[in-house]
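Subject: Structure handover

Hello,

Here is the structure you asked about. My notes on it follow below.

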Amino acid sequence: MIRHVILRVLSKLLIPLIMLFALYVQFHGDYGPGGGFQAGVIFGAAIILYALMFGLEAAKRVFPPRVLEFLVAFGLLLYGSVGVTAILDGGNFLEYSVLSHKPVHGQHLGILLVELGVGITVAAVMATIFFLFAGRGRSDA
Amino acid sequence: MIDVIHIVLFTFLAVIAIAIIRLRDLFAAVMLMGIFSLLSASLFTVMDAVDVAFTEASVGAGISTVLLLATLSLTTSKESTLYQRPQPLALAAVVLTGVALVYATFDMPRYGDPTAPIHHHVAPEYIAQTGEVIGVPNMVTAILASFRGYDTWGETTVIFTACVGVLLLLGGSRTVYRVRHRNDGESDDDGAAS
């Protein structure tokens, strides 16, 4: 736990904004620069900033490592299941056009879900790796 | 004007790269690497590659710096001076490789050349089809997520695999350790029972 008042207050102010920005990058990736990967990294950075400011234990209470490990696999499986759903709907693997009645809508849906999967995996991976690095060499890790 | 920005950014990049090599204080070197990434991101922005710049800024300047600092906190922030002897052979190898690379750039098309091979392979098809087939304004997203969905799937798998590797290597006390303890406990119980 870091005691610097300015850093603590500022990071308290910034962490929600960083998370909001990550969500913006995630869901606005179709229209502007950005996408799942960048959003995931930014969200992971918010988690890491929280861990740096308020201690590893506090961060692990908010983002339990078990949940993060589940999300690591969940994002990838979400991506893969979109591809498998496309096969079940009569298309090729990751052919989003068959996901909806109109091909363009299917593409939109597919890209949204796929980017969401990438974002979830990346954010969880970044946080997990940082927790493991930071927790190493401590008895309670 | 854009040339001036290019020259300034590249000069800074070179200066920082030399500084990173010469520094023995690893903490400062990590900080400089973050600045190096940020400058690269600025260069990508100047080249209109905003998505790449975004990734470089968040990964190179953000996460990498934090992970390297976390590594330093586990080890030491002083570089080992074991191999400080001048190595003429290594210098020759580096200079030769550098000369070969610079020589290879003479054959490359100029930056932004519309007749470059890269602009005549699949790119025109993507540009023509993004509007009607995908209907997403950001062409980079359309290519990454839809046209090249397999590649992005592979990249996500790589990230997943990296995380699994780190979990197996560093997550010892929480995963492997617990399993071992449980096994020890079970074998003890077995021993007591028999």
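A residue is called buried here if 20 or more other C-beta atoms lie within 10 Å of its own. On that count, 41% of the 141 residues of chain A are buried. Please keep in mind throughout that this is a predicted model.

Chain A

Chain A has five helices and zero strands, so its order from the N terminus is simply α-α-α-α-α. Its C-alpha atoms fit a box of roughly 55 × 30 × 15 Å along the principal axes. Of the contacts in chain A with a separation of 6 or more, 62% are between residues 24 or more positions apart.

Helix H5 of chain A covers residues 103-135. At 1.5 Å a residue, its 33 residues should span 48 Å, and the end C-alpha atoms are 47 Å apart, which agrees. H5(A) is also mostly covered, with 24 of its 33 residues buried.

Chain B

Chain B consists of eight helices and zero strands, in the pattern α-α-α-α-α-α-α-α along the sequence. Buried residues account for 18% of its 194 residues. Among contacts in chain B between residues at least 6 apart in sequence, 42% join residues at least 24 apart.

One residue from this chain as an example: Ala19(B) sits in helix H1 (residues 2-22) of chain B. It has 14 other C-beta atoms within 10 Å, which means that Ala19(B) is partly exposed: the count is above the 12 that would still make a residue exposed and below the 20 needed for a buried one. Ala19(B) and Met33(B) are 14 residues apart in sequence, and their C-alpha atoms are 9.8 Å apart in space.

Where the chains meet

In total, 38 residues of chain B are in contact with 42 residues of chain A. On the chain B side, the elements that give two or more residues are H3 (50-74), H5 (123-134), H6 (139-147) and H7. H3(B) gives the most, with 13 residues. By class, this side of chain B has 22 nonpolar, 14 polar and two charged residues.

Two helix pairs between the chains are worth a look on screen.

The first is helix H2 (residues 36-54) of chain A with H3(B): the axes are 10 Å apart and the angle is about 30°. Angles under 35 degrees count as roughly parallel, and H2(A) and H3(B) are therefore roughly parallel to each other. Their crossing is left-handed. H2(A) contributes Phe37(A), Gln38(A), Val41(A), Ile42(A), Gly44(A), Ala45(A) and Ile48(A) to the contact, and H3(B) contributes Phe54(B), Thr55(B), Ser58(B), Val59(B), Gly62(B), Ile63(B) and Val66(B). These residues divide into nine nonpolar, five polar and no charged. As for the spacing, an α-helix has 3.6 residues a turn, so residues three or four places apart point the same way.

The second is helix H4 (residues 65-88) of chain A with helix H7 (residues 149-170) of chain B, whose axes come within 10 Å and cross at roughly 155°. That makes H4(A) roughly antiparallel to H7(B). This crossing is left-handed too. The contact is made by Val72(A), Leu76(A), Tyr79(A) and Gly83(A) from H4(A), and by Trp153(B), Thr156(B), Thr157(B), Phe160(B) and Cys163(B) from H7(B). Six of the residues in this contact are nonpolar, three are polar and none is charged.

Regards

Conventions
Residues numbered from 1 in each chain as written. Chains lettered and ligands numbered in written order. Predicted model: local features only at pLDDT ≥ 70, side-chain atom pairs only at ≥ 80, totals over all residues. Helix = DSSP H or I, 4+ residues; strand = E, 2+ residues; numbered from the N terminus. Contact = placed C-beta atoms within 7 Å. Expected span 1.5 Å × (residues − 1). Axes fitted to C-alpha atoms, helices over the stretch in contact; angles between N-to-C directions. Parallel < 35°, antiparallel > 145°, perpendicular 65-115°, else oblique. Left-handed = near helix turned anticlockwise from the far one by under 90°. Nonpolar A, V, L, I, M, F, W, Y, C, P; charged D, E, K, R; others polar.
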